[in-house]
Amino acid sequence: MAAPKSNVEEIRNRVILGEYGVRNVHTTDFPGNYRGYDDTWDQKKFEENFRVDIIEMDESTGTLEFDMVGIDAAIANAFRRILLAEVPTMAVEKVFIYNNTSIVQDEILAHRLGLIPIKADPRLFEYRSAGDEEGTEIDTIQFQLNIKCSRNPRATKDSTDPSELYLNHMVYTKHMKWIPIGNQADLFSEADICPVHDDILIAKLRPGQELDIVMHCVKGIGQDHAKFSPVATASYRLLPEISLMQAVEGDLAEKLKHCFSKGVIEIENVNGRKFAKVANSRLDTCSREVLRYEELKNKVKLARVRDHFIFSVESTGILPPDVLVSEAIKVLMAKCRRFLDELDSSQVD
Amino acid sequence: MATEEGEKKHALEVVQAEGSDDSCVTFVLHDEDHTLGNSLRYMIMKNPEVEFCGYSNTHPSETKVNFRIQTRGELPAVEPFRKGLNDLSGVCQHVLNTFETSMKTYKEQKEEAMD
């Protein structure tokens, strides 16, 4: 018994949000599954249907919101996973503590230093070769943190404010000094290599305590340690789709409006009667609140468009978010290339 | 049985049952996980010559993926594997181009709006 055409389209293109569960989640458009559809991979058809819409990019906060339409979840998810874990960055790896008389333990201090985002373009550096303890100019960045806390001789006698009583009692990332190795001084300037933020508090000191630390930064990926992840987070959601099956009017329309996020449902006045209409389903967070009410649940259909991904990428500041997305796509291409080369090298034999 | 020769670290191993022909093969991908596994599985499933395609990770502590392809008829399984990799590479290239073009247009529009 063939399903009606509109039903088939729905199964192929939409994820249905039901009252007790989410249906139609998996991609089913593979060759042979649907009669009358040719689902063989066609690069031309893909290129016709695919588009990327940039919604907003804010350089100062490092956020980027863009839409990818016409691609499958497997590939969109691959990009998301790569953004989180496989785009390389530079971060502090080896911490040489020559003197630490502060109250923060050595290992805690070293852990905190590792998590500081370091502004250095990782594409200009190489990975450190295995077994190399020293590090060369092409794979290492060196920082020094040398700070001693002392009593402020000019403080008033009965003040209790630490910032008045002590000098250098808060150790911030701005106290980290870049020490160029080899020819790095010619290639980079002070502004190119520094921590992303100047005001990250590393430790607190009191008079007599000091820190004398040398740090080596290396290139790594998030899979190895989360400090190497270049994004604060990268996520995507599917575009929601809300359809009204019947006209909803009057008080019921008001109730419907309150079931959704702000701006999703608007009330319009037609001949003196108030009707609800869907204004912007993109703003909805899909809480399915409307399905809790008997009088409303049969009038609305909640779904998500299966191939429309709303990506949100927030960078830590090392690289701008659009560069991160490009690098992530290149990483996936490099993975494919690696296996193609392996196949070719074994075929020749 | 085909294995890579000379290299100490193989990224790709091929496992085939005794007595079977080239059309049912399991590929072992080293240092890989769902990132490449799922996207490659999708591309290979889009090939009508493929009867079965699936992948799994052997153990969560190991970064190995077992990738099985069974083809219809006499087609050797490496063919859809190679085609899937090429297609995935093509998709990435197109996504990259489209993204960079859109980014360029967006930045230009923003420049104009500021002037």
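In the predicted model, strand 4 (residues 64-71) of chain B presents two faces of unlike character, a covered one formed by B:Val65, B:Phe67, B:Ile69 and B:Thr71, and an uncovered one formed by B:Lys64, B:Asn66, B:Arg68 and B:Gln70. In a regular strand, side chains alternate between the two faces of the sheet. Strand 4 of chain B is engaged by strand 2 (residues 24-30) of chain B, to which it is joined by 7 bridges in an antiparallel arrangement, and within this pairing B:Val25 stands opposite B:Ile69 of strand 4. Strand 3 (residues 50-57) of chain B likewise runs antiparallel to strand 4 of chain B, with 7 bridges between them, and the two are connected by a hairpin of 6 residues. Along the pairing of strand 3 with strand 4, B:Phe52 has B:Gln70 as its bridge partner, while B:Tyr55 is placed opposite B:Phe67. B:Gln70 belongs to the uncovered face of strand 4 of chain B, whereas B:Phe67 belongs to the covered face.

These pairings are part of an open, antiparallel sheet of 4 strands in chain B, whose order is 1-2-4-3. The edges are occupied by strand 1 (12-15) and strand 3 of chain B, each of which has a single partner strand, so that one side of each remains without a neighbour in the sheet. Between neighbouring strands of the sheet, the average turn is 20° when direction is ignored. Strand 2 of chain B is followed by a loop that leads to helix 1 of chain B and contains B:Asp31, a residue other than glycine whose phi is nevertheless positive, near 60°.

Two helices of chain B are set against the strands of this chain. Helix 1 of chain B lies across strand 3 and strand 4, and runs at about 175° to strand 3, whereas helix 2 of chain B lies across strand 1, strand 2, strand 3 and strand 4, running at about 120° to strand 4. The helices also pack against one another: helix 1 (residues 34-45) and helix 2 (residues 78-114) of chain B meet at an angle of about 105°, and their axes are 8 Å apart. Given this angle, helix 1 of chain B is roughly perpendicular to helix 2 of chain B. From helix 1 of chain B, the contact draws on B:Leu36, B:Ser39, B:Leu40, B:Met43 and B:Ile44, and from helix 2 of chain B on B:Pro80, B:Phe81, B:Gly84, B:Leu85, B:Asp87, B:Leu88 and B:Val91. By class, the residues of this contact comprise 9 nonpolar, 2 polar and 1 charged.

Across all chains, a search of the whole structure identifies 12 aromatic pairs. One of these is formed by A:Tyr34 and A:Tyr37, whose ring centres are 6.0 Å apart and whose planes stand at 70°, so that the pair is classed as edge-to-face. Of its two members, A:Tyr34 is buried, with a relative accessible area of 15%, while A:Tyr37, at 23% relative accessibility, is partly exposed. A further pair is that of A:Tyr236 and A:Phe311, with centres 5.4 Å apart and planes at 50°, and the pair is therefore tilted. This pair links distant parts of the chain, since A:Tyr236 lies in strand 15 (residues 231-244) and A:Phe311 in strand 18 (residues 300-315) of chain A, 75 residues apart. A:Phe311 is buried at 1% relative accessibility, whereas A:Tyr236 is partly exposed at 24%. Ring pairs further connect A:Tyr236 and A:Phe311 with A:Phe66, A:Phe309 and B:Phe99 in a cluster.

Individual loop residues of chain A complete the description. A:Asn271 is located in the loop between strand 16 (265-270) and strand 17 (273-278) of chain A, and its phi is positive, about 55°, although A:Asn271 is not a glycine. At 75% relative accessibility, A:Asn271 is exposed. A:Asp132, by contrast, is partly exposed, with a relative accessible area of 24%, and is found in the loop between strand 6 (118-119) and strand 7 (141-148) of chain A. The C-alpha atoms of A:Asp132 and A:Ala226 are 22 Å apart in space, with a separation of 94 residues in sequence.

Technical notes. Residues numbered from 1 in each chain as written. Chains lettered and ligands numbered in written order. Predicted model: local features only at pLDDT ≥ 70, side-chain atom pairs only at ≥ 80, totals over all residues. Heavy atoms only, no water. Axes fitted to C-alpha atoms, helices over the stretch in contact; angles between N-to-C directions. Parallel < 35°, antiparallel > 145°, perpendicular 65-115°, else oblique. Contact = heavy atoms within 4.5 Å. Nonpolar A, V, L, I, M, F, W, Y, C, P; charged D, E, K, R; others polar. Buried < 20%, exposed > 50% of the residue type's maximum accessible area, 1.4 Å probe, protein only. Pairing = 2+ DSSP bridges. Phe/Tyr/Trp six-rings, centres within 6.5 Å; stacked < 30°, edge-to-face > 60°.
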